[in-house]
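Colleague: I am new to this structure. Please take a close look at one part of it for me, and then walk me on from there.

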Amino acid sequence: MPAALSFPFDNTYARALPGCYVPCQPENAPAPELAFFNPELAAELGLAPDAAAPETLAACFSGNALPAGAEPIAQAYAGHQFGYFSPQLGDGRALLLGEVIDRDGRRRDIALKGSGRTPFSRRGDGKAVLGPMLREVLIGEALHALGIPATRALAVVRSGQPILRQRPQPGAVLTRIASSHLRVGTFEYFAARGARDKVRLLADYTLARHAPRFQGQPDACAGLLQQVVAEQAGLVAQWMGVGFIHGVMNTDNMSLAGESIDFGPCAFMESYAPDTVFSSIDQDGRYAYANQPGIAQWNLARFAETLLPLLAEDQDAALQRANAAITAFDDEYAARWLAVLRGKLGLARQDAGDAAGDRALAEDWLALLHRHQIDFTLGWHALADSLEQPAALLTRGIADPAALGAWLQRWWQRCAAEDAGAGAAHAHARQARQQRLRQHNPWIIPRNHQVEAALDAAEAGDLAPFHRLLAAVRQPTGNTAELAAYAEPAPAGFTASFRTFCGT
């Protein structure tokens, strides 16, 4: 491989976890062509790709020409899918190439998705198609720009091979970067087989990689569980704050690194409705917007079950520790969600304060959005404008001046009380509040109709709409005339019938 594509691999998963994966090589892509590349992310990983030709990048990120040091493996994992346990899933169309230490000292996985059949493919072809892989780019980059932990795409390569789904579609391979691919389902795979030694091995590895502060402590696994619970509570609270709906929160899609992962049937909510579901396979609304905190807690309980033999030798003591950690999710999530809501209200104080009052203020605002079917993103975003122009909220569709006026009066009084307590000058306090409101209430999200239009154009061979949309979602708070079209909600008819698909 050219020096520009050298990877400083250090593959601890392959070294430390024998029996937790199967070595496997990617299938050949007949005519690889680079569709997307992320040079800024490449620089974070310590790569120097600027001198490499697109053909070289395409060969590398299709799997045709693996760099020295890559040890491609298919990871084993199980999972609860829509509440039902599947004892063997695993990387059916993905391969972990290895790990690198990035320029900030973080260990990152480099993995291919859509690179062909593996021993875990079952009846699948192991391939991916262009549209869903570009969706992963858009969603991952949007979440990253919003400050929400997420896996990110380094590259997407057209394979040059048509793949049959509902119709023939252009094949593609994604290169995904993650803090790790350890999942709740990874532990479930071995716990279900009674392989306690492997569960212990995984726990030790996960502690070393993601929770080193607990290593060597008598209650190390309890500490790990508590950390994962806290991180997931924070992650889901952040999702809820931007109207993000993951769509398929199976346990094999819950990362122990605390990142958003596996962007299949995900979407962003438009008009605020807590029961919103877009996924075509979620017939009963299990993974609806409002259900996400409860599902996260349910998934964490499955993780805790795998750790029971490691939490204490006495079964009752182990159950008590596990239950305490899972029950703690309620308070942890409530605190994280309140912090998100306070940020969206432009409030600086994040201490205990009047938690009940602030929560009621936010919930009443959400009730207004729901009652009037207001766009979630634009409704929150308009609060900043309302500091100067109260009528701005009326133009967003809250056609109840009395109710709106009463709520605004409560909000202004709350803001004034905070400012008085801080001794802030009026003008300075207003400016700081507007800045917080802009920061916590994005203007640009990946609107579903725009995502679909960009992916349709890409499938037809035109990547320009995709790149324009990608540039927009990377500027979520950029309130400019050039971005205005990307802030517009979808037509009501589109949203009513819109469904997302896994892309498998």
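Modeller: Gly 194 is exposed, because its relative accessible area is 60%, and exposed means over 50%. The model is a predicted one. Where along the chain does Gly 194 lie? Gly 194 belongs to a loop. Helix 5 (184-191) comes on one side of that loop, and helix 6 (196-210) on the other. Now pair Gly 194 with Asp 331, 137 residues apart along the chain. Their C-alpha atoms are separated by 32 Å.

Next, Asn 250. Asn 250 also has a place in a loop, the one between strand 11 (244-245) and strand 12 (267-268). Is Asn 250 buried or exposed? Asn 250 counts as buried, because its relative accessibility is 3% and the cut-off for buried is under 20%. What does Asn 250 touch? Leaving aside residues up to four places away in sequence, Asn 250 touches His 80, Gln 81, Phe 82, Tyr 287 and Asn 299. With Tyr 287 there is a polar contact, side chain to side chain, at 2.7 Å.

Last, a pocket. The second largest pocket has a volume of about 450 Å³. It is lined by 21 residues. Closest to its centre are Glu 270, Ser 271, Tyr 272, Gln 373 and Thr 495. Helix 17 (residues 492-497) gives the largest share of this lining, 3 residues. By type, the lining of the second largest pocket has 11 nonpolar, 5 polar and 5 charged residues.

Definitions and conventions
Residues are numbered from 1 along each chain as its sequence is written. This is a predicted model: local features need pLDDT of at least 70, side-chain atom pairs count only at pLDDT 80 or more; totals for chains, interfaces and linings use all residues. Side-chain values use heavy atoms; hydrogens and water are left out. Helices (H or I, at least four residues) and strands (E, at least two) are DSSP runs, numbered from the N terminus. Buried means under 20% relative accessible area, exposed over 50%, partly exposed in between (1.4 Å probe, protein chains only). A polar contact is a pair of N or O atoms within 3.5 Å; within protein, one must be able to donate a hydrogen and the other to accept it, and residues adjacent in sequence count only if both atoms are side-chain atoms. Contact means heavy atoms within 4.5 Å. On a 1 Å grid over the protein atoms alone, a cavity is a set of points where a 1.4 Å probe fits but cannot get out, and a pocket is an open set with protein on both sides within 12 Å along at least five of seven lines; lining residues have an atom within 4 Å of a point. Grid points are joined across faces, edges and corners, and a volume is the space filled by probe spheres set on the points. Ala, Val, Leu, Ile, Met, Phe, Trp, Tyr, Cys and Pro count as nonpolar, Asp, Glu, Lys and Arg as charged, and the others, Gly among them, as polar.
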